[in-house]
Amino acid sequence: MNNFFYYIIFIALMVSCSEGDIIENDISNFTAPLENCSNQNENTFVFFKVDSQINQSLSLSFTSTTFELNTAPENLTQTIALNSTTNILVHRQFNTQINGAVYFCSSVPPSGITVTQELKSSNGNAVIKYVVKSDTATETIYTRTITLTDITLEGAGISIRQELLELGEDEVTVLK
């Protein structure tokens with residue numbers, strides 16, 4: 001009888017222990033190239049990747065008065081603190097394919113597209129780093145890499161945590 005009592009307690013503990021609704025979605029395997037634009041006004045920027053095979057996107061939108069798309073900062077690294085309102089990382093799943101440049105870079109997104117799932121950052125950092133790729137008398141070409149650190153994406157009953165995620169890289173040419 002004593003063993004039966006311990007068995008019941010063990011099962012009750014196993015059933016009652018829950019870590020919440022943590023779902024293992026893989027947001028790190030977007031094979032699409034990193035794209036960007038300034039949106040709505042000159043201080044709002046968007047970096048995005050769209051995977052048209054699975055109708056998903058990953059976008060980083062932020063506001064900055066010191067950032068510029070087509071130049072590199074003096075110290076070659078800029079860190080942006082993510083939140084859920086102004087500097088935000090968003091993972092979206094759509095009901096159909098989208099054109100990322102039209103969807104993210106227009107002041108009014110195209111109609112007829114339904115977001116079937118949306119996860120937004122609640123914390124984390126976006127680190128934008130520039131490395132000189134080539135330097136000539138007329139121009140400097142930088143490789144710009146965006147790395148996301150300590151991010152949490154949250155949505156309807158879903159929470160995704162990731163320590164390190166490389167959003168992608170692109171090139172910036174600065175004329176002298």
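# A disulfide, two cores and a buried strand

Colleague: I'm new to this one, so where do we start: is the link of Cys 37 and Cys 105 left-handed or right-handed?
Modeller: Keep in mind that this is a predicted model. The angle about the S-S bond in the link of Cys 37 and Cys 105 comes to -100 degrees, and that makes the link left-handed.

Colleague: How many residues apart are Cys 37 and Cys 105 in the chain?
Modeller: The two sulfur atoms sit 2.1 Å apart, and they form a disulfide. A search of the whole structure turns up one disulfide. Cys 37 belongs to strand β1 (residues 35-38) and Cys 105 to helix α2 (residues 100-105), so the pair ties together distant parts of the chain, and the cysteines are 68 residues apart.

Colleague: Which counts as buried, Cys 37 or Cys 105?
Modeller: The cut-off for buried is under 20% relative accessible area. Cys 105 has 26%, so it is partly exposed. At 8% relative accessibility, the buried one is Cys 37.

Colleague: Which strand gives the most to the largest nonpolar core?
Modeller: That core has 29 residues, and Phe 47, Leu 60 and Leu 148 have the most contacts inside it. β2, β3, β6, β7 and β8 each bring at least two residues to it. With six residues, the one giving the most is β8.

Colleague: How many residues are in the second core?
Modeller: This core is separate from the largest one. Among its members are Cys 37, Val 50, Tyr 103 and Phe 104, and the number of residues is eight.

Colleague: How many of the residues of strand β5 are buried?
Modeller: Look at the partners of β5 to begin with: six bridges join it to β3, running antiparallel, and five bridges pair it with β6, also in the antiparallel sense. One of the bridges to β3 matches Gln 56 with Gln 93, while Val 90 has Lys 120 as its partner in β6. Strand β5 (residues 88-94) is largely enclosed by the rest of the structure, because the buried count out of seven is six.

Colleague: Which backbone oxygen does the side chain of Ser 121 reach?
Modeller: Ser 121 lies in strand β6 and is buried, with a relative accessible area of 1%. Leaving aside neighbours within four places in sequence, its contacts include Leu 82, Asn 83, Ser 84 and Thr 152. At 2.9 Å, the side chain of Ser 121 reaches the backbone oxygen of Asn 83.

Notes
Residues are numbered from 1 along each chain as its sequence is written. This is a predicted model: local features need pLDDT of at least 70, side-chain atom pairs count only at pLDDT 80 or more; totals for chains, interfaces and linings use all residues. Side-chain values use heavy atoms; hydrogens and water are left out. A nonpolar core is a set of buried Ala, Val, Leu, Ile, Met, Phe, Trp, Tyr and Cys residues joined through side-chain atoms within 4.5 Å. Buried means under 20% relative accessible area, exposed over 50%, partly exposed in between (1.4 Å probe, protein chains only). Helices (H or I, at least four residues) and strands (E, at least two) are DSSP runs, numbered from the N terminus. A polar contact is a pair of N or O atoms within 3.5 Å; within protein, one must be able to donate a hydrogen and the other to accept it, and residues adjacent in sequence count only if both atoms are side-chain atoms. Contact means heavy atoms within 4.5 Å. Two strands pair if DSSP finds at least two bridges between them. A disulfide is a pair of cysteine sulfur atoms within 2.5 Å.
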